[in-house]
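Visitor: Could you take me through this model, with the reasoning behind each answer spelled out?

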Amino acid sequence: LSQGCKCSKLTMVTDAHLYQPVPAVDYAPSVVRVGRKPVVWLDVDGVLADFVQACLDVWFAETGMLLSKADLQDWSIFDAGLDRTIVAPHIERPGFCYGIPPFPEAAKAVRDLQAWAEVYACTSPWTESSTWASERTAWLMDKLGIDYHHQIHTHAKDLVKADVIVDDRPSNVEKWARAFPEGVALLWDTPHNRNASAGKRVRSWNEVLVHVVTCAGSKGWMN
């Protein structure tokens, strides 16, 4: 497959990173031809979907306590301080998963990546919810345009081969990097993983695109 794609210098400010400015990055030449697209999978909660904010909204509604993402210093919201008995019943209710807001830049980021790569969503279902998987399937199609042929619902992410992966959970990134050392494992920067050293940390979709294009170039898929 050959594809021309006009690219430019972008500056993205991401809600996922508490509005930290990210320098502009030239992520590709003005026009390239892609012979074979890299395979990329993206984690959903914390990368594309603002799961933590949805839980913080529940926490505030139930307790009146206003917390920010920066207050949660652990990947698990419950280990970070939210009471499972208060928040989990809401997460497990029908409609919660579909109602999680996507990050403002997520839809455009997916479209940009799809021009360069075969993009899959790789997401761990909330097993205590009987409707989570079906709602997540619909959410990905309706909110981000990722059809069900490009969705992987599993907790065993280290078994899912790809050229590039993006996840915010350090342990997922570490396990995947060990399983596929030839791949590019990217850790999506969030407050809860600031002290982790897994994979290559990325703070913007610009940086993700750089890694995807670099991967294609290094494998001789571009000319």
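Visitor: Is D163 buried or exposed, and at what relative accessible area?

Guide: This is a predicted model, and the assignment rests on a cut-off, since buried means under 20% relative accessible area. D163 falls under that cut-off and therefore counts as buried, its relative accessible area being 12%.

Visitor: Which side chain does D163 meet in a salt bridge?

Guide: D163 lies in the loop between strand 5 and strand 6, and its partner lies in the loop between strand 2 (25–26) and strand 3, so the pair ties together parts that are 127 residues apart in sequence. The partner is partly exposed, with a relative accessible area of 37%. The N to O distance of the pair is 3.2 Å, and the side chain that D163 meets is that of R36.

Visitor: Which residues are joined with K157 into one network of salt bridges?

Guide: K157, in the loop between strand 5 and strand 6, forms a link to strand 6 across ten residues, with the closest N and O atoms of K157 and D167 being 3.1 Å apart. Both K157 and D167 are buried. Salt bridges that share partners make the network, and the residues joined with K157 are D43 and D167.

Visitor: Which residue forms a salt bridge with R201?

Guide: R201 lies in strand 8 and its partner in the loop between strand 7 and strand 8, so the salt bridge ties together parts that are twelve residues apart in sequence. That partner counts as buried, at 0% relative accessibility. The N to O distance is 2.6 Å, and the partner of R201 is D189.

Visitor: Which strands stand at the edges of the open sheet?

Guide: Six strands form the sheet, with parallel pairing, in the order 5-4-3-6-7-8. Each edge strand has a single partner strand, so one side of each is left without a neighbour in the sheet, and the two concerned are strand 5 (151–153) and strand 8 (200–202).

Visitor: Which residue of strand 8 stands opposite W188?

Guide: Strand 7, residues 184–188, runs parallel to strand 8 and is joined to strand 8 by three bridges. Within this pairing, W188 stands opposite V202.

Visitor: At what angle does helix 6 run to strand 7?

Guide: Helix 6, which covers residues 170–179, lies across strand 3 (39–42), strand 6 (164–167) and strand 7. Taking the N-to-C directions of the fitted axes, helix 6 runs to strand 7 at about 175°.

How values were computed
Residues numbered from 1 in each chain as written. Predicted model: local features only at pLDDT ≥ 70, side-chain atom pairs only at ≥ 80, totals over all residues. Heavy atoms only, no water. Pairing = 2+ DSSP bridges. Helix = DSSP H or I, 4+ residues; strand = E, 2+ residues; numbered from the N terminus. Contact = heavy atoms within 4.5 Å. Axes fitted to C-alpha atoms, helices over the stretch in contact; angles between N-to-C directions. Salt bridge = Lys/Arg side-chain N within 4 Å of Asp/Glu carboxyl O. Buried < 20%, exposed > 50% of the residue type's maximum accessible area, 1.4 Å probe, protein only.
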